[in-house]
Amino acid sequence: MSLKPELSKSLDECIEQVQALKSPQDVADLLEVPIGQLLYILYKENPDKHVKTFLIPKKTSGQRAIKAPLGSKRILLNKLKPILCSLYRTKACVHGFVPHKSIVSNAHAHRKKRYVLNIDLTDFFTTIHFGRVRGLFMGYPFSMSENAASVVAQICTHDGLLFQGSPVSPVLSNFIAADLDKKLTALAKRYKATYTRYADDITFSTSQKSFPRSLATWDGDNPITNKVSLGNLLVETIQSAGFEINYDKVRLQIRSVRQDVTGLTVNEFPNVKRSYIRNIRAMLHSWSKHGLKNAEQELILKYASNPPDIDPKDMDGTYFKNVVYGKIAFVKMVRGGEDDLYMNLCLQAAKLDTDPPKFIQRTKLMHEKFDVFISHASEDKEDVVRPIYEALTKAGVVAFLDEVNMGWGDSLTEKINHALGQSKFVLAVLSEDSVGKKWPMKELNAALARELAEKQKILPLIVGKPDLSPLSLLEDKIYLQWENNADDVTTKIKEMLS
């Protein structure tokens, strides 16, 4: 019997049920699966049918095995995920796997500090075994019976361990690490330091004259070349919470060198490494100089640490573009969409790609300049505005028309304000409809303000016989009357532009 992919109950009903689970039957009722089928999936079916294992490269060297749940096990986990996420209360120090936080917010907490200590936990997910997960479900806020907690823990683990790739592993790891977060937050407060955790990455920072010896010290006098030793108190605190330290990844960084937190530099503000930007620029240069397919072949055959299984004859540039745009999108996440460096990378990519992703197109549009902004009411679009726009485009005049230059999801205010600010002239289509409508009048008032500052010029086009008495600032202007004369309007605009 196939399982329904989603629960039919509301989230509130599910949470109420979770906190009253006493038996395996209660768990089956919660997940809307027959009890016999649930027990068969968990205890009789070959567990290897539930997961697919694949390798991904580690940040430094080697590969990491990721186990992704399959079939019925994945459906059960997807049903559990929103319930577990809704019950987790995000701690201020936690930045991984929680809404509205990221490696950027994690790094931001440690910007401009004199010292930054990075610690990596060993085998973060797999140190969380079946017993720890079951114990979690028996305690607050779940309060399940032992039998019910055992069944839910069996759903959440594979071979007795929490595994990377499971939909619920991130939130469960945050639940399990709550004791660690509480202890390390208290430790940081005692020594006037800042503590954050992003998954298995732990960071302490401080601007005191010397770094607290209970947290870490240098073996020697040189903080750049000498080995870091963690304080016994810090080590014991981490181990008492059930985790182990990867000593190969312990770093204590001073302000005079590059300080990294979760892959971002934090000396001044969270930022991507210079080498990352150089890599994007090199890829764009290769695309421009050698062509997309040749650039892709070079990337895959020479530089990719984990190359995709693509026959050279089948390389069409798709993989290369995905890598480039993924890197540029990461720059946007870190530096923001208004950052000059990010926008320049977008504009370089837009010159090379005739059909770039939407975020590249939006950035390109925000930098485009227009000869004419056509301000109008929608009622005038069919008979007046479209013929003028088509005539202008045919004549090589760059005009802004909302239905052409704006897409689904775009900010109306943002796009209109930008296009108005980037236009030499505003063609104001004044009709009985436009004079009485909110948006055309907003556009016209904005254009009038720019005209008074000598930054723009308004070209009034009269359609029919509208009442222009409310537009006193246009009284001294020479009007053009619309007489189905799109070509004449275009000719006059071209004359003014030249």
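## A walk through the model

Start by selecting R362, which is partly exposed, with a relative accessible area of 36%. Keep in mind as you go that this is a predicted model. R362 belongs to helix α15, which covers residues 358-367. Now show what surrounds its side chain: setting aside neighbours within four places in sequence, R362 is in contact with D410 and K415. Draw a C-alpha to C-alpha distance from R362 to K415 and you should get 9.4 Å, though the two are 53 residues apart in sequence.

**Next stop: the sheet**

Switch to cartoon and pick out the open sheet of 4 strands, ordered β4-β5-β3-β8 with antiparallel pairing. Which strands stand at the edges? They are β4 (194-198) and β8 (245-254); each has a single partner strand, so one side of each has no neighbour in the sheet. Look along the sheet and follow the twist, which averages 15 degrees from one strand to the next. Strands of a sheet pair through backbone hydrogen bonds, in either a parallel or an antiparallel way. Here, β3 and β8 pair in the antiparallel sense over 6 bridges. To see one of the matched positions, select V116 together with Q253, its bridge partner in β8. Then add helix α10 (residues 232-240), which packs on the sheet and touches β3, β5 (201-206) and β8. The direction of α10 makes about 35 degrees with that of β3.

**Rings**

Now colour the aromatics. The count of aromatic pairs comes to 16. Take F97 and F125 as one of them: the ring centres are 6.3 Å apart and the planes sit at 50 degrees, so this pair is tilted. It links distant parts of the chain, with F97 in the loop between α4 and α5, F125 in the loop between β3 and α6, and the two positions 28 residues apart. Are these two buried or exposed? F97 is partly exposed, at 36% relative accessible area, whereas F125, at 10%, counts as buried.

For another pair, jump to F373 and F400. These rings are stacked, 5.2 Å centre to centre with 5 degrees between the planes. F373 lies in strand β11 (residues 370-375) and F400 in strand β12 (residues 399-400), so the pair ties together parts that are 27 residues apart in sequence. Both F373 and F400 are buried.

Back to F97 and F125, and widen the selection: together with F124, Y198 and F243 they form one aromatic cluster. What sits over the ring of F243? Show R132 and you'll find its charged end there, 4.8 Å from the ring centre. There's another charge-over-ring arrangement to visit at W439, where K442 lies over the face at 5.1 Å from the ring centre.

**Last stop: backbone oddities**

Finish with the torsions. Select Y140 and P141: the peptide bond from Y140 to P141 is cis, with omega near 10 degrees. P141 is in the loop between α6 (130-138) and α7 (146-156). Then go to H100, which is not a glycine but has a positive phi of about 65 degrees. You'll find H100 in the loop between α4 (71-87) and α5 (103-108), and it is exposed, with a relative accessible area of 85%. K112, not a glycine either, has a positive phi of about 55 degrees. Look for K112 in the loop between α5 and β3 (115-121).

Terms used:
Residues numbered from 1 in each chain as written. Predicted model: local features only at pLDDT ≥ 70, side-chain atom pairs only at ≥ 80, totals over all residues. Heavy atoms only, no water. Buried < 20%, exposed > 50% of the residue type's maximum accessible area, 1.4 Å probe, protein only. Pairing = 2+ DSSP bridges. Axes fitted to C-alpha atoms, helices over the stretch in contact; angles between N-to-C directions. Contact = heavy atoms within 4.5 Å. Phe/Tyr/Trp six-rings, centres within 6.5 Å; stacked < 30°, edge-to-face > 60°. Lys NZ or Arg CZ within 6 Å of the ring centre and 35° of its normal.
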